[in-house]
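Here's a quick briefing to read with the structure open beside you. Have a look at it first, then work through the points below.

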Amino acid sequence: MTMQSPDPVALQATLVDFALAELVRQHRESFPPLWSQESWAKLLIWLALNCGCSGDEAGLKAFAEAIGSLQMGRLRRVFFERELGDLELQLMADPAEQQVLVLPQGPAEEVLQNQRIAQAFERVGLTTHLPADQARWQQLDAVVVVPWLESR
């Protein structure tokens, strides 16, 4: 059985996709206030400027068009997602959504415990954005849904 060489264009696209996602992961905490639309906008402006685009509206628009809506959506998910391997939790905390999603990376009945979730929120700096009253947290099968505080 012989293995075919990967298509160079597909390989290049995969490499660019990987590099962009890693760049976002490495710099997503560099643009306060964290967990905000403002933070996301600052990252995009930083990326655009470092790609040689002007900081005016036309330059930023050209940058956004060059990335494309599909890739932009993926980068946004990476920006607002956190995986905490030791707690076996994944947090999806996009402020454009109505709630934060807590997903288990292990057996849900063992992993989705309020104390563990609270520890995850503390570690990533979400506690000031979410209700401390755990009665407002809702467990739905294998996911916990936590509403954002109104005063974000």
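What follows is a short tour of one helix, some backbone oddities and a pocket.

Keep in mind that this is a predicted model. Helix H4, which spans residues 69-79, is a good place to start, as its buried residues pack against helices H1, H2 and H3 and strand E1. H4 also gives the most residues to the lining of the largest pocket.

**Helix H4 and its two sides**

- The buried residues of H4 are Gln-71, Met-72, Leu-75, Arg-76, Val-78 and Phe-79.
- Those six sit on the same side of H4, because they cover an arc of only 160 degrees around the axis.
- The general helix rule fits in here: with 3.6 residues a turn, residues three or four places apart point the same way.
- Flip to the other side of H4 and you'll find Ser-69 and Leu-70, both exposed.
- As for partners, the buried residues of H4 pack against H1 (8-27), H2 (37-50), H3 (57-67) and strand E1 (81-84).

**Backbone oddities**

- As background, most residues other than glycine have a negative phi, and most peptide bonds are trans.
- Pro-32 and Pro-33 are joined by a cis peptide bond, with omega at about 0 degrees.
- Pro-33 belongs to the loop between H1 and H2.
- Trp-35 is also placed in the loop between H1 and H2, and its phi is positive, near 60 degrees.
- Is Trp-35 buried or exposed? Trp-35 is buried, since its relative accessible area is 4%, and the cut-off for buried is under 20%.
- Asp-141 has a positive phi too, near 50 degrees, and lies in the loop between strands E4 (138-140) and E5 (143-147).
- Asp-141 is exposed, with a relative accessible area of 77%, where exposed means over 50%.

**The largest pocket**

- How much space lies in the largest pocket? The figure is about 160 Å³.
- H4 and strand E3 (99-104) are the elements that give two or more residues to its lining.
- H4 gives the most, with 3 residues.
- The lining includes Gly-73, Arg-76, Arg-77, Phe-80 and Glu-81.
- Also among the lining residues are Met-92, Ala-93, Asp-94, Glu-97, Gln-99 and Leu-101.
- By type, the lining divides into 4 nonpolar, 2 polar and 5 charged residues.
- Arg-76 turns up in two places: it is one of the buried residues of H4, and Arg-76 also lines the largest pocket.

Notes: Residues numbered from 1 in each chain as written. Predicted model: local features only at pLDDT ≥ 70, side-chain atom pairs only at ≥ 80, totals over all residues. Heavy atoms only, no water. Buried < 20%, exposed > 50% of the residue type's maximum accessible area, 1.4 Å probe, protein only. Helix = DSSP H or I, 4+ residues; strand = E, 2+ residues; numbered from the N terminus. Arc of directions from axis to C-beta. Contact = heavy atoms within 4.5 Å. 1 Å grid on protein atoms, 1.4 Å probe; cavity = no way out; pocket = protein on both sides within 12 Å on 5 of 7 lines; lining within 4 Å. Points joined across faces, edges and corners; volume = space filled by probe spheres on them. Nonpolar A, V, L, I, M, F, W, Y, C, P; charged D, E, K, R; others polar.
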